[in-house]
Amino acid sequence: TLLVASYNPKWYALKRTLCSALNQKKIMFQIVIADDGSKVNYYNEIVQLFDSYNYRDYKFIKSDVNNGTCINIYNGLLCSEGEYIKTIGPGDCLYDELTLYHWVNYAKDTCADICFGDSIFFERSHNTENIISKRRYPQNVSPYLKEKYLVKEGIFNYVLLNDAVWGSNFLTKYDVMLTYMEQIVGKIKYAEDMI
């Protein structure tokens, strides 16, 4: 499941994200759009876009009020049916048409509960996109590769080195994400990117 967490997005950003998903090849997946009380939800535009791709495996979850990212993602997660969850926000894109295929296969082949990859930053100028930088987040992956993850190492990486896993570049098994979301829902309202 690709879980699109949205709050007051610009249509062009949401459309770009959805198109990067709809262009994925060699993999079947669901799209869940969890909207956190936006003034405009673009539901009709989204349905038209999905129809133009002949895409039917989607759900639209709408909150009447802004509850914060944690509840929004949690609500979307509860409506998701995929074995793996990839959260994404409007404006973020999947790198190419085989991104989900390779990512999910890597997770399955390595029996990974959580895996993360590079972030690529680009700018658009005169109808062309130029890559500004490509960087792994986190830079130091060693604490995450150990059989027993050491919280102290993770805190050291996050707090002192400012080297964290970004929300936009990780994929996790459904049951693992649900377990952690249940621990923070109602305690943390907003968790963006690195948090």
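**A note on one pocket and two helix pairs**

1. A good place to start is β6, which gives the most to the lining of the second largest pocket, with five residues. Please keep in mind as you read that this is a predicted model.

2. Which other elements supply at least two residues each to that lining? Besides β6 (118-125), they are α1 (11-22), β4 (84-88), α4 (99-110), β5 (114-116) and β7 (128-136).

3. For your grid work, the volume of the second largest pocket comes to about 850 Å³. Its lining is made up of 31 residues, and those nearest the centre of the pocket are C93, L94, Y95, D118 and I120. Sorted by class, the lining has 14 nonpolar, nine polar and eight charged residues.

4. Now to the helices. α1, which supplies at least two residues of the pocket lining, also packs with helix α2 (residues 43-52). The angle between α1 and α2 is about 25°, and their axes are 11 Å apart. Angles under 35 degrees count as roughly parallel, and α1 and α2 are therefore roughly parallel to each other. The crossing in which α1 passes α2 is right-handed.

5. Which residues bring α1 and α2 together? From α1 come W11, L14, K15, L18, C19 and L22, and they meet E45, I46, L49 and F50 in α2. This contact of α1 with α2 counts eight nonpolar and two charged residues, with no polar ones.

6. The other pair to look at is helix α3 (residues 69-78) with helix α7 (residues 174-184). α3 and α7 pack at an angle of about 145°, and 10 Å separates their axes. Their crossing is left-handed.

7. On the α3 side, the contact is made by C70, I73, Y74, L77 and L78; on the α7 side, by Y174, M177, L178, M181, E182 and I184. Here the contact of α3 with α7 divides into ten nonpolar residues, one charged residue and no polar ones.

Conventions. Residues are numbered from 1 along each chain as its sequence is written. This is a predicted model: local features need pLDDT of at least 70, side-chain atom pairs count only at pLDDT 80 or more; totals for chains, interfaces and linings use all residues. Side-chain values use heavy atoms; hydrogens and water are left out. On a 1 Å grid over the protein atoms alone, a cavity is a set of points where a 1.4 Å probe fits but cannot get out, and a pocket is an open set with protein on both sides within 12 Å along at least five of seven lines; lining residues have an atom within 4 Å of a point. Grid points are joined across faces, edges and corners, and a volume is the space filled by probe spheres set on the points. Helices (H or I, at least four residues) and strands (E, at least two) are DSSP runs, numbered from the N terminus. Ala, Val, Leu, Ile, Met, Phe, Trp, Tyr, Cys and Pro count as nonpolar, Asp, Glu, Lys and Arg as charged, and the others, Gly among them, as polar. Axes are lines fitted to C-alpha atoms, for helices over the stretch in contact, and angles run from 0 to 180 degrees between N-to-C directions. Angles under 35 degrees count as roughly parallel, over 145 as roughly antiparallel, 65 to 115 as roughly perpendicular and the rest as oblique. A crossing is left-handed if the near helix is turned anticlockwise from the far one by less than a right angle, and right-handed if clockwise. Contact means heavy atoms within 4.5 Å.
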